[in-house]
Amino acid sequence: MMKRCVVLLGIFLPLVASAQKVPGKHQQDLLGKGHVHAGVSVGQGYKGSQSTTTVYSPKIQYFLASGWSVALEGRSLKSNSFYTFTYLGAGLSTRYYFLRGSRFALFAKIGATYGQSKYDKYDPVDPASSRNGIRTNSWQTNAGLGAHYRLGKRWSLEATAERSWLQSSYLTPDYNRWQANVGINYLLK
């Protein structure tokens with residue numbers, strides 16, 4: 001047991017020490033205070049090991065301080081399951097870039113969107129019990145971790161893994177999913 005602890009300490013100590021370094025100037029060019037990014041990400045939602053939803057999310061991101069940003073986000077979600085479920089909303093999120101290198105950064109994010117979901121259910125056993133077009137206004141919240149990679153002076157790629165919660169309401173199911181997203185960002189200012 002002691003050997004495992006020493007090995008883990010040897011692996012993670014350099015990472016902790018590098019997190020304390022002053023970030024590279026080039027990364028500051030993208031993640032510095034006052035900067036504005038526009039971006040879009042695309043992803044898949046999972047329940048268990050099976051893909052269940054497709055997610056699109058455009059955003060405008062503003063850096064309040066070096067490494068800390070808020071974003072205005074749109075979110076479009078469509079289920080790939082037997083019953084059709086869609087969600088369209090807008091909201092706010094925040095990110096903190098806790099590990100920054102010259103090209104690579106890791107971040108944590110949390111956010112909430114408010115929008116409308118539409119649920120179509122058809123029961124093949126009892127066609128009279130179909131419920132089509134049930135619309136509900138609801139909040140979707142999400143939290144996750146991500147990686148950011150600087151491509152050049154203005155462009156960057158990102159990948160996130162997040163948990164998304166969309167509450168259920170009368171006659172509609174909850175859509176709580178793990179999501180994996182990839183996106184691209186452009187520095188506007």
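Are phenylalanine 63 and tyrosine 97 buried or exposed? I looked this up before anything else, in what is a predicted model. Both phenylalanine 63 and tyrosine 97 turn out to be buried.

**Entry: aromatic pairs**

I listed the ring pairs and got 4 aromatic pairs for the structure. For the pair of phenylalanine 63 and tyrosine 97, I read 5.8 Å between the ring centres and 35° between the planes, so I logged the pair as tilted. The cut-offs put stacked at under 30 degrees and edge-to-face at over 60, which means that 35° falls under neither heading. Phenylalanine 63 belongs to strand E2 and tyrosine 97 to strand E4 (residues 84–100), so this pair ties together parts that are 34 residues apart in sequence. I also noted one aromatic cluster made of Phe63, Tyr97 and Phe107.

**Entry: overall layout**

I then went to the chain as a whole. I find 2 helices and 8 strands in the protein chain. Read from the N terminus, the order is α-α-β-β-β-β-β-β-β-β. The chain has 189 residues, and 38% of them are buried. I took the contacts with a separation of 6 or more and asked what share joins residues 24 or more positions apart; the figure is 58%.

**Entry: nonpolar cores**

In soluble globular proteins, nonpolar side chains tend to be buried together. I looked for such groups here. The largest nonpolar core has 8 residues: Val55, Leu77, Phe85, Tyr87, Tyr119, Ile134, Leu166 and Tyr175. Another core, of 7 residues, lies apart from it and includes Phe63, Ala105, Phe107 and Leu187.

I followed up Tyr175 from the 8-residue core. Tyrosine 175 sits in the loop between E7 and strand E8 (177–187). Its relative accessibility is 6%, so I count tyrosine 175 as buried, the cut-off being under 20%. I also checked tyrosine 175 against serine 79: they are 96 residues apart along the chain, with 9.1 Å between their C-alpha atoms.

**Entry: the cavity**

Rolling a probe the size of a water molecule over the atoms shows where empty space is left. I searched the whole structure and obtained 1 cavity of 30 Å³ or more. The largest cavity holds about 80 Å³ of space. Its lining consists of Ser41, Ser57, Lys59, Glu73, Arg75, Arg95, Lys109, Glu158, Thr160, Glu162 and Asn181. I sorted that lining by class and got no nonpolar, 4 polar and 7 charged residues.

Which strands each supply at least two residues of the lining of the largest cavity? I have strand E2 (50–65), strand E3 (68–79) and strand E7 (155–166). The largest share, 3 residues, comes from E7.

I picked threonine 160 from the lining for a separate check. Threonine 160 is in strand E7. With a relative accessible area of 7%, threonine 160 is buried. Leaving aside neighbours within four places in sequence, I find threonine 160 in contact with Phe107, Leu145, Gly146, Gln179, Ala180 and Asn181.

**Entry: two residues of strand E5**

I looked up tyrosine 114 in strand E5 (residues 104–121). Its relative accessible area is 41%, so tyrosine 114 goes down as partly exposed. Not counting residues up to four places away in sequence, tyrosine 114 touches Tyr87, Gly89, Ala90, Asn137, Ser138 and Trp139. For tyrosine 114 and tyrosine 87, 27 residues apart along the chain, I have a C-alpha separation of 9.6 Å.

Isoleucine 110 lies in strand E5 as well. I noted isoleucine 110 as exposed because its relative accessible area is 51% and the cut-off is over 50%. Isoleucine 110 touches Ser93, Thr94, Asn142 and Ala143, with residues up to four places away in sequence not counted. C-alpha to C-alpha, isoleucine 110 is 5.7 Å from threonine 94, and the two are 16 residues apart in sequence.

**Entry: glycine 183**

How far apart in sequence are glycine 183 and serine 41? I get 142 residues in sequence, against 3.8 Å in space, C-alpha to C-alpha. Glycine 183 lies in strand E8 and counts as buried at 10% relative accessibility. Residues up to four places away in sequence left out, glycine 183 touches Val40, Ser41, Ser156, Leu157 and Glu158. Of these contacts, I note that Ser41 and Glu158 also appear in the lining of the largest cavity.

Conventions
Residues numbered from 1 in each chain as written. Predicted model: local features only at pLDDT ≥ 70, side-chain atom pairs only at ≥ 80, totals over all residues. Heavy atoms only, no water. 1 Å grid on protein atoms, 1.4 Å probe; cavity = no way out; pocket = protein on both sides within 12 Å on 5 of 7 lines; lining within 4 Å. Points joined across faces, edges and corners; volume = space filled by probe spheres on them. Helix = DSSP H or I, 4+ residues; strand = E, 2+ residues; numbered from the N terminus. Nonpolar A, V, L, I, M, F, W, Y, C, P; charged D, E, K, R; others polar. Phe/Tyr/Trp six-rings, centres within 6.5 Å; stacked < 30°, edge-to-face > 60°. Buried < 20%, exposed > 50% of the residue type's maximum accessible area, 1.4 Å probe, protein only. Core = buried A, V, L, I, M, F, W, Y, C linked by side-chain atoms within 4.5 Å. Contact = heavy atoms within 4.5 Å.
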